[in-house]
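Hi,

Here is the structure I promised to pass on, with the sequence alongside. Have a look at it first, and then read on for my notes.

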Amino acid sequence: MRSIGWGCWAATGAVALLLSGCGKKTVKPTPATRPPSISSASRPQPPSGATDNLQLPPKDGKGGYRTINSNLSPIEAAWHLRSALNVAALTCDRTGKQGIAGNYNRLLGRQRKTLADAYRAEGGRFGSVGATDAHITQIYNFFAQPPVQARFCAAAADVSAEAAALPPDGLTAFAPAALERLMKPFTDFYSAYAGYRMELGASAKEDHPQAREAVPVASQPAPAGPPWRIQLGAYSGDRAAHDAWDRIRKRMKRTGDFEPRYEAVQGSPLVRIRVGPLRDRTEAISLCAAAAGAGLDCLPVPPRM
């Protein structure tokens with residue numbers, strides 16, 4: 001970099017032209033400085049192990065958030081409640097000690113008519129089987145959010161026990177408040193995450209006063225590992241399993257993307273059907289949502305299981 005004296009001009013193109021009589025004085029360039037970053041020790045961390053770049057739902061103007069479970073009629077809330085408890089039965093109760101799976105199955109038996117009406121109401125909202133299935137998948141994905149699972153599962157244990165004991169005509173009145181109870185862990189998490197963002201912005205300004213806002217650190221992709229799969233039932237023998245697969249493909253179009261695996265159950269004549277590979281638990285839950293929409297039993301299968 002050169003300093004040009006008073007009365008001198010510099011062209012900004014390919015040629016620099018200096019007027020005669022101008023002195024040339026070399027100026028030592030000043031090294032560029034980078035804004036100090038927030039140290040990993042002092043940097044606020046996202047709650048519940050969430051990523052740095054999570055997109056929160058919009059506020060609803062009532063102190064909460066607008067989600068797929070907002071502004072539902074009682075019969076629609078019944079279907080969303082059923083979907084939430086299905087996710088809980090699939091993901092929360094692997095030991096069986098919480099009783100969620102048993103409660104969920106009792107709910108299905110006692111509320112068969114109400115749930116059929118609720119499914120028809122969902123179909124009426126979206127107009128086609130494909131759009132309804134896509135909506136149901138979104139509900140399942142919502143309740144399967146990993147950062148909220150521990151608190152969601154605890155709430156689902158209580159709600160499922162109460163739901164299983166309802167009289168056959170009691171689900172519609174029960175569903176709206178019960179769904180709110182299952183939503184509370186998610187609302188609390190969103191509020192905590194919003195607080196984390198505020199702390200992150202304040203820390204950035206303290207560390208570098210000229211910073212206008214904190215730039216989130218990009219999350220690292222999860223390392224590749226063994227694939228997830230889903231299990232679509234166990235059947236009495238190889239022939240029965242192959243026949244079942246033909247029925248499954250007709251009822252659930254998305255299975256056309258996969259080749260089935262027929263696995264003998266050790267010590268039993270049963271043969272189970274598993275399909276995959278799937279990227280992760282979220283995709284397995286999503287595919288199970290489509291299976292539930294087609295009236296099929298489904299179980300996400302973790303790697304090495």
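Proline 277 sits in strand β5, which covers residues 270–278. The peptide bond that joins glycine 276 to proline 277 is cis, with omega at about 0 degrees. Please keep in mind that this is a predicted model, as are all the details below.

**The chain as a whole**

To help you find your way around, the chain has eight helices and six strands. Starting at the N terminus, the order of elements is β-β-α-α-α-α-α-α-β-α-β-β-α-β. The chain has 305 residues, and 40% of them count as buried. About 18,100 Å² of the chain is exposed, with 55% of that area coming from carbon and sulfur atoms. If you take the contacts between residues at least 6 apart in sequence, 71% of them join residues at least 24 apart.

**Two disulfides**

You will probably want to know about the cysteines. How many disulfides does a search of the whole structure find? The search finds two.

One of them is formed by cysteine 92 and cysteine 153, whose sulfur atoms are 2.0 Å apart. This pair links distant parts of the chain, with the two positions 61 residues apart in numbering: cysteine 92 is in the loop between α1 and α2 (100–110), while cysteine 153 is in helix α5. The torsion about their S-S bond is about -75 degrees, so this disulfide is left-handed. Cysteine 92 and cysteine 153 are both buried.

The other disulfide joins cysteine 288 to cysteine 298, again with an S to S distance of 2.0 Å. Cysteine 288 belongs to helix α8 (residues 281–293), and cysteine 298 to the loop between α8 and β6 (299–301), 10 residues apart. The link of cysteine 288 and cysteine 298 is left-handed, with -75 degrees about the S-S bond. Both of these cysteines, 288 and 298, are buried.

**Helix α5**

Since cysteine 153 is in helix α5, that helix comes next. Helix α5 has 16 residues, 149–164, which should span 22 Å at 1.5 Å a residue; the C-alpha atoms at its ends are 21 Å apart, in agreement with that. The buried residues of α5 include Phe152, Cys153, Val159 and several alanines, among them Ala155, Ala156 and Ala157. Gln149 and Ser160 are also on the buried list for α5.

**Helix α7**

Helix α7 runs over residues 238–251, which makes 14 residues, and the distance from its first C-alpha to its last is 20 Å, close to the 20 Å expected at 1.5 Å a residue. Which residues of α7 are buried? They are Ala241, Ala244, Trp245 and Ile248. These residues cover an arc of only 110 degrees around the axis, so they lie on the same side of α7. Arg239 and Lys250, on the other side of α7, are exposed. Among the elements that cover the buried residues of α7 are β3 (228–236), β4 (259–264) and β5, the strand that holds proline 277.

**A buried glutamate**

Glutamate 76 is in helix α1. Is this glutamate 76 buried or exposed? Its relative accessible area is 12%, and buried means under 20%, so glutamate 76 counts as buried. The side chain of glutamate 76 makes a polar contact of 3.3 Å with the side chain of arginine 125. Leaving aside residues up to four places away in sequence, glutamate 76 touches Asn71, Glu122 and Arg125.

**Two positive phi values**

Asparagine 71, one of the residues that glutamate 76 touches, has a backbone detail of its own. Asparagine 71 is not a glycine, yet its phi is positive, at about 55 degrees. It is placed in the loop between β2 and α1. With a relative accessibility of 71%, asparagine 71 counts as exposed.

Serine 48 is another residue other than glycine with a positive phi, here near 60 degrees. Serine 48 is found in the loop between β2 (24–26) and α1 (74–91). At 45% relative accessibility, serine 48 counts as partly exposed.

Happy to go through any of this with you.

Best wishes

Methods:
Residues are numbered from 1 along each chain as its sequence is written. This is a predicted model: local features need pLDDT of at least 70, side-chain atom pairs count only at pLDDT 80 or more; totals for chains, interfaces and linings use all residues. Side-chain values use heavy atoms; hydrogens and water are left out. Helices (H or I, at least four residues) and strands (E, at least two) are DSSP runs, numbered from the N terminus. Buried means under 20% relative accessible area, exposed over 50%, partly exposed in between (1.4 Å probe, protein chains only). Contact means heavy atoms within 4.5 Å. Accessible areas come from the Shrake-Rupley method with a 1.4 Å probe; for residues, only the protein chains shown count as cover. The expected span of a helix is 1.5 Å times one less than its number of residues. A disulfide is a pair of cysteine sulfur atoms within 2.5 Å. A polar contact is a pair of N or O atoms within 3.5 Å; within protein, one must be able to donate a hydrogen and the other to accept it, and residues adjacent in sequence count only if both atoms are side-chain atoms. The arc is that of the directions from the helix axis to the C-beta atoms.
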